[in-house]
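Visitor: I am new to reading protein models, and I would like to go through this one step by step. Could you take my questions in turn and show how each answer is reached?

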Amino acid sequence: MNKLKNYILFGIILAAGILFRLINLDKPGGLWYDEATIYSIASQHGLSGMYNADGHRFLLFPLYYIIYNIWINIFGNSDLIIRLMSVFFDTLGIITAYFAGSQLGKILNKNNSKTGFIYMLLYAINSSFIYYA
């Protein structure tokens, strides 16, 4: 029964975190400058096209632009879809926060999952993560 409560709590925190990130995702005024710049690089065809669009930025984070390119080729290129990639990866961050907190709890010799849930909750409701996701 205790595991079931943990799964339910995990699901509630994760759902709340996703909900917070989806509220007002389709912001008026279009894409921010950095989002438009990233899109202009990632929307090019092939690695050489992305490099030619802005080689300096592409070489800083090539894997990011490649994943971004795949994302927009699969799901489309509306403002909402472009921003959903950040929500997706930040949702993975919420899940990772639970496991990082659980490991911290084990290091502190507390054999329960409270530390993981606390860290997960703090990550899920952090206004900076919500705003930029």
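Visitor: Of the contacts in the protein chain with a separation of 6 or more, what percentage comes from residues 24 or more positions apart?

Guide: What is shown here is a predicted model, and so every value in my answers is computed from it. A contact means that heavy atoms lie within 4.5 Å. Among the contacts in the protein chain with a separation of 6 or more, the share that joins residues 24 or more positions apart is 62%.

Visitor: How many helices and how many strands are there in the protein chain?

Guide: Reading along the sequence, one finds the pattern α-α-α-α-α-α-α-α. The count for the protein chain is therefore zero strands and eight helices.

Visitor: What is the radius of gyration of the protein chain, and what does the globule rule give for 133 residues?

Guide: Taken along the principal axes, the box that the C-alpha atoms fill is roughly 55 × 30 × 25 Å. Because the radius of gyration is well over the value of the globule rule, the protein chain is more spread out than a compact globule. The radius of gyration is 18 Å, and the globule rule gives 14 Å.

Visitor: What part of the 133 residues is buried, and how much area does the protein chain expose?

Guide: A residue counts as buried when its relative accessible area is under 20%, and buried residues make up 32% of the 133 in the protein chain. Carbon and sulfur atoms supply 66% of the exposed area, and that area comes to about 8700 Å².

Visitor: Which helices do the buried residues of helix 7 pack against?

Guide: Helix 7 covers residues 114-124, and its buried residues are Thr115, Gly116, Phe117, Met120, Tyr123 and Ala124. These buried residues pack against helix 1 (2-22), helix 6 (79-107) and helix 8 (127-132).

Visitor: Which residues do ring pairs link into a cluster with Phe117?

Guide: Phe117 is among the buried residues of helix 7. Aromatic rings pair if their centres lie within 6.5 Å, and such ring pairs link Phe117 into a cluster with Phe10, Tyr98 and Phe99.

Visitor: How many aromatic pairs are there, and what kind of pair do tryptophan 71 and phenylalanine 75 make?

Guide: By the ring-centre rule, the count comes to 13 aromatic pairs. The rings of tryptophan 71 and phenylalanine 75 have centres 4.6 Å apart and planes at 55°, so this pair is tilted.

Visitor: Where do tryptophan 71 and phenylalanine 75 lie, and is each of them buried, partly exposed or exposed?

Guide: The two residues are four apart, about one turn of the helix, and both lie in helix 5 (residues 62-75). In general, an α-helix has 3.6 residues a turn, so residues three or four places apart point the same way. With a relative accessibility of 15%, tryptophan 71 counts as buried, whereas phenylalanine 75, at 47%, counts as partly exposed.

Visitor: What kind of pair do the rings of tyrosine 131 and tyrosine 132 make?

Guide: Tyrosine 131 is partly exposed, with a relative accessible area of 46%, and tyrosine 132 counts as exposed at 60%. Their ring centres are 4.9 Å apart and their planes stand at 85°, so the pair is edge-to-face.

Visitor: Which element gives the largest share of the nonpolar patch?

Guide: The patch, of about 650 Å², is made by Leu19, Phe20, Ile23, Ile118, Leu121, Leu122 and Ile125. The elements that give two or more residues to this patch are helix 1 and helix 7. Isoleucine 125 is found in the loop between helix 7 and helix 8, and at 45% relative accessibility it counts as partly exposed. The largest share, three residues, comes from helix 7.

Visitor: Which residue has a positive phi although it is not a glycine?

Guide: The residue sits in the loop between helix 1 and helix 2 (33-42). At 61% relative accessibility, it counts as exposed. Its phi is about 60°, and the residue is asparagine 24.

Visitor: How far apart in space are phenylalanine 88 and leucine 22?

Guide: Phenylalanine 88 lies in helix 6, and at 40% relative accessibility it counts as partly exposed. Phenylalanine 88 and leucine 22 are 66 residues apart in sequence, and from C-alpha to C-alpha the distance in space is 10 Å.

Conventions: Residues are numbered from 1 along each chain as its sequence is written. This is a predicted model: local features need pLDDT of at least 70, side-chain atom pairs count only at pLDDT 80 or more; totals for chains, interfaces and linings use all residues. Side-chain values use heavy atoms; hydrogens and water are left out. Buried means under 20% relative accessible area, exposed over 50%, partly exposed in between (1.4 Å probe, protein chains only). Rings of Phe, Tyr and Trp (its six-membered ring) pair if their centres lie within 6.5 Å; planes under 30 degrees apart count as stacked, over 60 as edge-to-face and the rest as tilted. Patches are made of residues with over 30% relative accessible area and no salt bridge: like charges are joined within 9 Å, nonpolar side chains (Val, Leu, Ile, Met, Phe, Trp, Tyr) within 5 Å. Accessible areas come from the Shrake-Rupley method with a 1.4 Å probe; for residues, only the protein chains shown count as cover. A salt bridge is a side-chain nitrogen of Lys or Arg within 4 Å of a carboxyl oxygen of Asp or Glu. The radius of gyration is taken over C-alpha atoms; the globule rule is 2.2 Å times the number of residues to the power 0.38.
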